[in-house]
Amino acid sequence: MTVDTMPGTPSPADAVPPAPGARPAPRRRRRRLLGESGLAPYAYVGPFFLIFLAFGLFPLVYTAWVSLHEYRLGGEMTWTGLDNYTWLFTSEQFYNALWKTITIGALSTIPQLALALGLAHLLNYRMRARNFFRISMIMPYATSVAASTLVFAQIFGRDNGFANWLLSLVGIDGPDWRNGNWTAQIAISVIVIWRWTGYNALIYLAGMQSISQDLYEAAAIDGASKWQQFVHVTLPGLRPTILFTVVVSTIGATQLFGEPLLFGGGTPNGGALGQYQTLGLYMYQQGWQFGALGRAATVAWVTFVLIVLLVVLNTALTRWRTGERSTRRAAR
């Protein structure tokens, strides 16, 4: 059998191999440069790091530089060294904002993640309209912060609020949610819980579906109940996912800003006594209400260091518990 070729077209047999020492073609040379020398990964991730340097690292360094100056809005910077940090760590208002950030973060993060874990466990079962319930979980997250906060501000109204109406049905006089210390923090925590529970539930659900069903079948054969399967199979399999949600929720709680600002009617003082003034509101107040950009930059940098410390602490606690359990299993 023969293969006909068009006149003038060189056949593979006629192809001349490159002479020894000849330079490869430009395309082949570029492909070899990116592939064999290992430069291709750097070319792919390079644009991200260029954007990060421009919009992430540079603002971070510039904020640190501003925090060492007295810088009024519309004025010029004057070097003051660590005076802004001295002012911050001797300010009672700063410690009040730090404490409110911690309490509101604990009131919103712990119930939020517990509810999300329970919802994900229920959605992991076979049930009717399962996809509808899964999709509806993301609806609160898709709602804007302004819309959800304004609705909940009406719900927690003192005179005609829905929450006080429910309490009146069981004979309890409703509190003044906005002007109370703990009531205001609870109301803001409810808003945060409502917005983020479904989001975390979907993350947990994705983690649950990655756990092998063979583990559940083996546990069922050994006589484990549903609760025992959840404790000894689901939770260990979700440990990296739980760590991720804890870290992200901690960062979000430390940066809480929109909900308390809108709950207070747009004022950054966090109530008459600062009962729900978070670090985000305190920074905004210094920078845009008082015009002290140097002090606002100082609050921003201290908040950044606090977030890093909390993330490191959460990671260390999780690894310590993981190592402790591994040691117990090895001892058995």
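Which residues does UniProt list for "transmembrane region"? The unreviewed entry lists residues 39–62, 97–123, 135–156, 186–206, 241–258 and 298–320 under that heading. The model examined here is a predicted one, and two of the listed spans were compared with its secondary structure. Over residues 39–62 the chain is 96% helix and 0% strand, with the end C-alpha atoms 31 Å apart. Residues 241–258, for their part, are 83% helix and 0% strand, and 26 Å separates the C-alpha atoms at the two ends of that span.

Taken as a whole, the chain has 332 residues, of which 33% are buried, and its secondary structure consists of 15 helices and two strands. Among the contacts with a separation of 6 or more, 66% are accounted for by residues that lie 24 or more positions apart. The exposed surface of the chain comes to about 21,300 Å², and carbon and sulfur atoms supply 66% of that area.

Packing between helices is illustrated by one pair. Two packed helices are described by the angle between their axes and the distance between the axes. For helix H4 (residues 92–123) and helix H14 (residues 279–289), the axes come within 8 Å and cross at roughly 145°. On the H4 side the contact is made by Gln93, Phe94, Ala97, Leu98 and Thr101, and on the H14 side by Leu279, Tyr282 and Gln285. By residue class, the contact of H4 with H14 comprises five nonpolar residues and three polar ones, with no charged residue taking part.

A polar residue was also examined in helix H3 (residues 83–89), where Asn84 is located. Asn84 has a relative accessible area of 8% and is therefore classed as buried, the cut-off for that class being under 20%. Apart from neighbours within four places in sequence, the residues in contact with Asn84 are Val66, Ser67, His69, Gly294, Arg295 and Thr298.

Side chains of opposite charge can pair when their charged atoms come close. A search of the whole structure finds three salt bridges, and Arg158, Asp159 and Asp176 are linked in a network of such bridges. Within this network, the side chains of Arg158 and Asp159 meet with an N to O distance of 3.3 Å, while those of Arg158 and Asp176 meet at 4.0 Å, again N to O. The pair of Arg158 and Asp176 links distant parts of the chain, 18 residues apart, since Arg158 is in the loop between helix H7 (145–155) and helix H8 (162–169), whereas Asp176 is in the loop between H8 and helix H9 (181–209). The two acidic residues of the network fall into separate accessibility classes: Asp159 is exposed, with a relative accessible area of 59%, and Asp176 is partly exposed at 24%.

The side chains of Glu259 and Arg195 also form a salt bridge, with an N to O distance of 3.8 Å. Glu259 lies in helix H13 (residues 258–263) and Arg195 in helix H9, so this pair ties together parts of the chain that are 64 residues apart in sequence. Glu259 counts as buried, at 6% relative accessibility, and Arg195 is likewise buried, with a relative accessible area of 7%.

Notes:
Residues numbered from 1 in each chain as written. Predicted model: local features only at pLDDT ≥ 70, side-chain atom pairs only at ≥ 80, totals over all residues. Heavy atoms only, no water. Helix = DSSP H or I, 4+ residues; strand = E, 2+ residues; numbered from the N terminus. Buried < 20%, exposed > 50% of the residue type's maximum accessible area, 1.4 Å probe, protein only. Contact = heavy atoms within 4.5 Å. Areas by Shrake-Rupley, 256 points an atom, 1.4 Å probe, with all protein chains shown as cover. UniProt positions renumbered as here; feature names shortened; annotations may be inferred. Axes fitted to C-alpha atoms, helices over the stretch in contact; angles between N-to-C directions. Nonpolar A, V, L, I, M, F, W, Y, C, P; charged D, E, K, R; others polar.
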